Amino acid sequence: MSKTILHIDLDTFYVSVERLNNRELQHKPLLVGGTGDRGVVAACSYETRGFGVHSGMPMKMARELCPEAVVIRGNAGDYSKHSDIVTEIIKEYVPVFEKSSIDEFYADLTGMDRFFGCYQYASDMRKKIIRETGLPISFGLSANKVVSKVATNEAKPNNQLKIDEGLEKPFLAPLSIKKIPMVGDKTYQTLRNLGLRQVRTVQEMPMEVMQRVLGANGGVIWKRANGIDNTPVIPFNERKSISTERTFDKDTIDVNRLRGILIAMTENLAYQLRRGEKLTACISVKIRYSDFNTYSKQMRIPYTSADHILIPKILDLFKNLYNRRLLVRLIGIRFSHLVSGNYQINVFDDTEEILSLYNAMDNIRKRYGDKSVLRASGMGAKTIGRMHNPFNGLPPVVLAHRKL
């Protein structure tokens, strides 16, 4: 049976939510993200794109390109609430779906043509989402994920597009190679230097040529350019790591402040591990200096989710990594090699008091929020904290870095 894969994308999602909340923002150029000079554009309205603005751009540059734009910091909780409403509607309609980001979904409609017309069915679902949420939404429908995603991008804004089976290559051929998923700025420049501009040219090349230029990724890009993709729709996303990082408004060399923020980060992520019944066996610290050079160091450790074990090890990594002569722009930590499990008691080091303390603190956090209980040494890091369980199978809300 041939596949039928639907890709759904909420157009300029953060911008659309802000306009729902404030009708005066309709048709105005709008930037959502970090409001300081070091902030990053998390989302931008179509009105700003003619000025060269795009998501991921430094906010300072975006404001220079489009000085009349309204800048909004954004509210992750509000975006999650609207995303959840859309998710519930999709859950009612489709048997299998994957939420690949807060505003992007895939659904497997294979076999539903026996009972419904898949395109009409997807159209009805889109109309219901627009009617019940007020949010613009686009979709692409084809035989696989890659072509459906490209079709969605071609359908935008607020539209829909179906690519019939067997017409994948003709559909992709005239498009820019930059529209192939996985072709970022660096790969695009490499391909442009070879004289490649349209997908058609990649389709006409042997796969081996692309592999010689780009290695294994070249083969993947060649397949995608030819509309070949067997990636399944995955209904649940198992997190392999959790991380957090913070950018400073002003570069700092205050070691006590840096240590306090690292302690607060570690304490919060350790709580997320325990809440999700996870353990980590690899920890890392990242530092970006004022000259933008970035360094990281990692350590393998016995599986754990305990603050009193993780904090000293994180601080040791920081001590070994930190160059005291340079100002720090950003710090971050990451826990990886995650497995399911609960904290294993250490017979020699742990006491009943420590275990009871963890239990009490975690219960308070579950009831009153992540930041309701903090170590005194980490209280200076007021913005550390999450709103949702990172192990609920949903992708994280990605916003511009919060500042400290």
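Start your tour of this predicted model by selecting strands S5, S6, S1, S7 and S8: in that order, these five strands form an open sheet with mixed pairing. Now look at its two borders. Strand S5 (96–101) and strand S8 (160–162) are the edges, and each has a single partner strand, so one side of each is left without a neighbour in the sheet. Neighbouring strands here are turned by 15° against each other on average, direction ignored.

Stay at the S5 edge and add strand S6 (residues 104–108). S5 and S6 run antiparallel and are joined by five bridges. Show Lys-99 and you will find Phe-105 of S6 standing opposite.

Next, bring in the helices. Select helix H5 (residues 118–133), which lies across strand S1 (5–10), strand S7 (137–142) and S8, and runs at about 165° to S7. Then select helix H6 (residues 145–155): this helix packs on the sheet and touches S1, S5, S6, S7 and S8. The direction of H6 makes about 140° with that of S7.

Ready for another sheet? Select S3, S2 and S4, three strands that form an open sheet in that order, again with mixed pairing. Its edge strands are strand S3 (41–44) and strand S4 (70–72), each pairing on one side only. From one strand to the next, the twist averages 25°.

Zoom in on strand S2 (residues 30–33), which pairs with S3 in the antiparallel sense over three bridges. Here Gly-33 stands opposite Val-41 in S3.

For the last stop, select helix H1 (residues 13–21). This helix lies across S2, S3 and S4, running at about 110° to S2.

Definitions and conventions: Residues are numbered from 1 along each chain as its sequence is written. This is a predicted model: local features need pLDDT of at least 70, side-chain atom pairs count only at pLDDT 80 or more; totals for chains, interfaces and linings use all residues. Side-chain values use heavy atoms; hydrogens and water are left out. Two strands pair if DSSP finds at least two bridges between them. Helices (H or I, at least four residues) and strands (E, at least two) are DSSP runs, numbered from the N terminus. Axes are lines fitted to C-alpha atoms, for helices over the stretch in contact, and angles run from 0 to 180 degrees between N-to-C directions. Contact means heavy atoms within 4.5 Å.
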